[in-house]
Amino acid sequence: MNTRLDKFICDSTGLTRSEAKKAIAKGRVSVNGACVKKSEEKIDDSVDKVSLDNKDISYEKYVYYMLNKPAGVVSATTDNIDITVIDLFKNEKKKNLSCVGRLDKDTTGLLIVTNDGEMIHKLTSPRKHVFKDYLVTLQKPITIEAVSRLEAGVDIGDDEPTKPAFVNVTDERCIILSISEGRFHQVKRMLKAVDNEVTALHRLSVGPLRLDNDLGVGKYRKLTDEEIKDLKLC
Ligand code: URA
């Protein structure tokens, strides 16, 4: 695809457009080994080799990250009051990064962040039924009856009851709830419907992708090619 050189540089490096223009004007950029000083020069990003300060710049159209979301951060791209999950991506090209679905401000755990709109659409589409596992800490001990009701589907005040879910009781006040929908405050509302309350909520997985145990709170890493492939298949 033909792209302006300054746009290519800022998309590939995280430099702003004006920083990219300055770098080009200063002769720091070459295309196929020849110095190019015109920002508007068109390059073909599938064949042309571009370098900045003699280092090759690889063009990644799409980027995919897993983030271990901390509490107190909102799942949005911008916010006037709170820190957003995108603000956590300090040294990355942030252009067009968005979250795959949303976690509440107080929810922690796995959030996929990408600029691939098609993946966002696929994984969040209500028709796809991608299962998400949540570690749910409860105010009261869970009952056998509540487990059956959560698994069968409960009325949370919407037009339809929730879809069948899976519950794994790990402790009397802790369950892993696996749901295939992403309704607003769904887990909290499901637990309320069975006369309990969520005191902490942590997402463990989205489809085939599990949060790395060793990824610190607030930290992120790029997904591997294998993980991206598996997510695209689900
Ligand atoms: N369900 C909730 O209630 N909150 C979340 O953040 C995610 C699922």
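How much space lies in the largest pocket? In this predicted model, the volume of the largest pocket comes to about 710 Å³. Its lining is made up of 32 residues, and those nearest the centre are Arg102, Glu181, Gly182, Arg183 and Phe184. Two or more lining residues are contributed by each of helix 3 (117-124), strand 10 (132-138), helix 5 and strand 13 (198-206). Sorted by class, the lining of the largest pocket holds 13 nonpolar, 10 polar and nine charged residues.

The ligand sits in this largest pocket. The shell around the ligand consists of Leu103, Asp104, Thr107, Tyr134, His185, Gln186, Val187, Lys188 and Leu201. Four residues of this shell are nonpolar, three are polar and two are charged. Helix 5, which spans residues 186-193, supplies three shell residues, the largest share.

Polar contacts between the ligand and the protein backbone were then examined. At aspartate 104, a polar backbone atom is 2.7 Å from an oxygen atom of the ligand. At lysine 188, a polar backbone atom is likewise paired with an oxygen atom of the ligand, at 3.1 Å. At valine 187, the partner on the ligand is a nitrogen atom, which lies 3.1 Å from a backbone N or O atom of that residue. The ligand taken alone exposes 240 Å², and 96% of that area is buried by the protein.

In summary, the ligand occupies the largest pocket, with aspartate 104, valine 187 and lysine 188 each placing a backbone atom at the distances given above.

How values were computed. Residues are numbered from 1 along each chain as its sequence is written. This is a predicted model: local features need pLDDT of at least 70, side-chain atom pairs count only at pLDDT 80 or more; totals for chains, interfaces and linings use all residues. Side-chain values use heavy atoms; hydrogens and water are left out. A residue is near a molecule or strand if one of its heavy atoms lies within 4 Å of it. A polar contact is a pair of N or O atoms within 3.5 Å; within protein, one must be able to donate a hydrogen and the other to accept it, and residues adjacent in sequence count only if both atoms are side-chain atoms. Accessible areas come from the Shrake-Rupley method with a 1.4 Å probe; for residues, only the protein chains shown count as cover. On a 1 Å grid over the protein atoms alone, a cavity is a set of points where a 1.4 Å probe fits but cannot get out, and a pocket is an open set with protein on both sides within 12 Å along at least five of seven lines; lining residues have an atom within 4 Å of a point. A molecule sits in a cavity or pocket if more than half of its atoms lie within 2 Å of its grid points. Helices (H or I, at least four residues) and strands (E, at least two) are DSSP runs, numbered from the N terminus. Ala, Val, Leu, Ile, Met, Phe, Trp, Tyr, Cys and Pro count as nonpolar, Asp, Glu, Lys and Arg as charged, and the others, Gly among them, as polar. Grid points are joined across faces, edges and corners, and a volume is the space filled by probe spheres set on the points.
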